[in-house]
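This report goes through one protein model, from its overall dimensions to selected helices, the ligand shell and two loop residues. Please keep the structure in view while reading.

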Amino acid sequence: MGTRHMDISEIWPPFALHLRSHDMELSPVKDADIPELAQIARGGVRRDGIEAFLVNWDSGTDEQVARSLAQYHWSTRANFTIDEWTIEFTVRVNGRAIGVQGVNGHRFPLTKTVSTASWLALPEQDRGYGTRMRRMIIETFTSYFGASRFDTAYFDGNDASRRVSEKLGYSPNGDRSVVGQNGTALTEHHMVLRSKDYVRTDNDLQVTGADAFRTFLTITT
Ligand SMILES: CC(C)(COP(=O)(O)OP(=O)(O)OC[C@H]1O[C@@H](n2cnc3c(N)ncnc32)[C@H](O)[C@@H]1OP(=O)(O)O)[C@@H](O)C(=O)NCCC(=O)NCCS
C-alpha cells in the first residue's frame, strides 16, 4: 500500500477543471470560495427584486444567504451521479469572485445535453461578464466533452438572462408555468442552442483537467 495520500482533485476530479479566457477564470466551487461568494451575494443578486430562481436562496439575513449558498454547493457534490450532475463554477475576473456559473447534465454520455444557470454580484452585472462565462462553458463542453445541445431558461421579465442567450444564438423552445422564489406563478421561457449552430469566437480559451473529468463522467466519444 502506498504512503502518499491522494490530492483532493484525484478524489473528486471536477475540482481539477479550470477554464481561463483573458482575465476570466472558471473553476468548480470549493469550500474556500464559499465565504467570498457569500460576501458578494449579501443583500441579494437580483435587480429590483425580479424573480430569477426557483429557490429563494438570495433573500434573508447575511447568515441565511451564506448558509443557503453553502448548503446548496455541498448538495451538488453530495448528489452528484454520472446520470444526474450539477457543477457550479466560481467565476473570477482578475482573481476576484464575481459570481457562479452552473452546468447540469442528465444522462450526459448519451444525451450530450447540458443546461445552464448563473448569477453575478449586483455591481458585476450588465458588463458583459454573463455572456463571457456562458460562452466559455459552451465552448468547453462542445470541444472537450462532446456536448451537442445547451438548454437554458429564464422567467418572464428577466431580460438580461434572455439577452445573454439571444446574443449567443439560442432559439426559443417553449415555456411552462412554474412557481418562482417569491411564491407566485410565473412563465418560464426555455431556450436551446445546438453546437452545430454555435459560432466559435473565443480564441483564448485554455482548459485544464478535462481528461480526468471525461474519464470520471464515462465519456468515450
Ligand atoms: C442574468 C445575468 C447572469 C446576466 O449576466 P450579465 O453580465 O448581466 O449579462 P451581459 O452584460 O453579458 O448581457 C446582458 C444583456 O442584457 C441587456 N439587459 C440588461 N438588463 C436589461 C433590461 N432590463 N432590459 C433589456 N435588456 C437588458 C443588456 O443590455 C445586455 O445586452 P446587450 O449586450 O445586447 O446590450 C446577470 O444579470 C444576473 O446575475 N442576474 C441576476 C440573477 C439572474 O437573473 N440569473 C439568471 C437566472 S435564469
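The text below describes the fold, then two helices, the ligand surroundings and two backbone angles.

**Overall form**

The model is a predicted one. The protein contains seven helices and nine strands. Its C-alpha atoms occupy a box of roughly 55 × 40 × 35 Å along the principal axes. For 221 residues, a compact globule would have a radius of gyration near 17 Å, and the protein agrees with this at 17 Å. Buried residues make up 29% of the 221. Among contacts with a separation of 6 or more, 63% join residues 24 or more positions apart.

**Helix H3**

Helix H3 covers residues 62-78. At 1.5 Å a residue, its 17 residues should span 24 Å, and the end C-alpha atoms are indeed 24 Å apart. Which residues of H3 are buried? They are Val65, Leu69 and His73. These residues cover an arc of only 60° around the axis, which puts them on the same side of H3. Helix H2 (34-41) and strand S3 (84-93) are included in what covers them. On the face turned away from the buried side, H3 carries the exposed residues Glu63, Gln71, Ser75 and Ala78.

Histidine 73, which is found in H3, can be followed further. It counts as buried because 22 other C-beta atoms lie within 10 Å, where the cut-off is 20 or more. Apart from neighbours within four places in sequence, histidine 73 is in contact with Val29, Ile34 and Glu88. Ile34 falls within the range of H2 (34-41), and Glu88 within that of S3 (84-93). The C-alpha atom of valine 199, 126 residues away along the chain, is separated from that of histidine 73 by 32 Å.

**Helix H5 and the ligand**

Helix H5 has 15 residues and reaches 21 Å from its first C-alpha to its last, close to the 21 Å expected at 1.5 Å a residue. Of these 15 residues, 12 are buried, so H5 is largely enclosed by the rest of the structure. The buried set includes Tyr129, Gly130, Met133 and Phe141, as well as the charged residues Arg134, Arg135 and Glu139.

H5 (129-143) is also one of the elements that supply at least two residues of the shell around the ligand, along with strand S5 (113-120) and helix H6 (159-167). Which element gives the most to this shell? H6 does, with six residues. The shell holds 22 residues, of which Ala52, Gly130, Thr131, Asp159 and Arg163 come nearest to the ligand. By class, nine residues of the shell are nonpolar, seven are polar and six are charged. Gly130 thus appears both among the nearest residues and among the buried residues of H5.

**Two residues with positive phi**

Most residues other than glycine have a negative phi. Two loop residues with a positive value are set out here.

| Residue | Phi | Loop | C-beta atoms within 10 Å |
|---|---|---|---|
| Histidine 22 | near 55° | between S1 (18-21) and S2 (24-28) | 12 others |
| Aspartate 126 | about 65° | between S5 and H5 | 12 others |

Are these residues buried or exposed? Histidine 22 is exposed, and so is aspartate 126, because a count of 12 or fewer defines an exposed residue. The loop that holds aspartate 126 lies between S5 and H5, and both of these elements contribute to the shell around the ligand.

Note on methods
Residues are numbered from 1 along each chain as its sequence is written. This is a predicted model: local features need pLDDT of at least 70, side-chain atom pairs count only at pLDDT 80 or more; totals for chains, interfaces and linings use all residues. Helices (H or I, at least four residues) and strands (E, at least two) are DSSP runs, numbered from the N terminus. The expected span of a helix is 1.5 Å times one less than its number of residues. The arc is that of the directions from the helix axis to the C-beta atoms. Two residues are in contact if their C-beta atoms, placed from the backbone, lie within 7 Å. The radius of gyration is taken over C-alpha atoms; the globule rule is 2.2 Å times the number of residues to the power 0.38. A residue is near a molecule or strand if its C-beta atom, placed from the backbone, lies within 6 Å of it.
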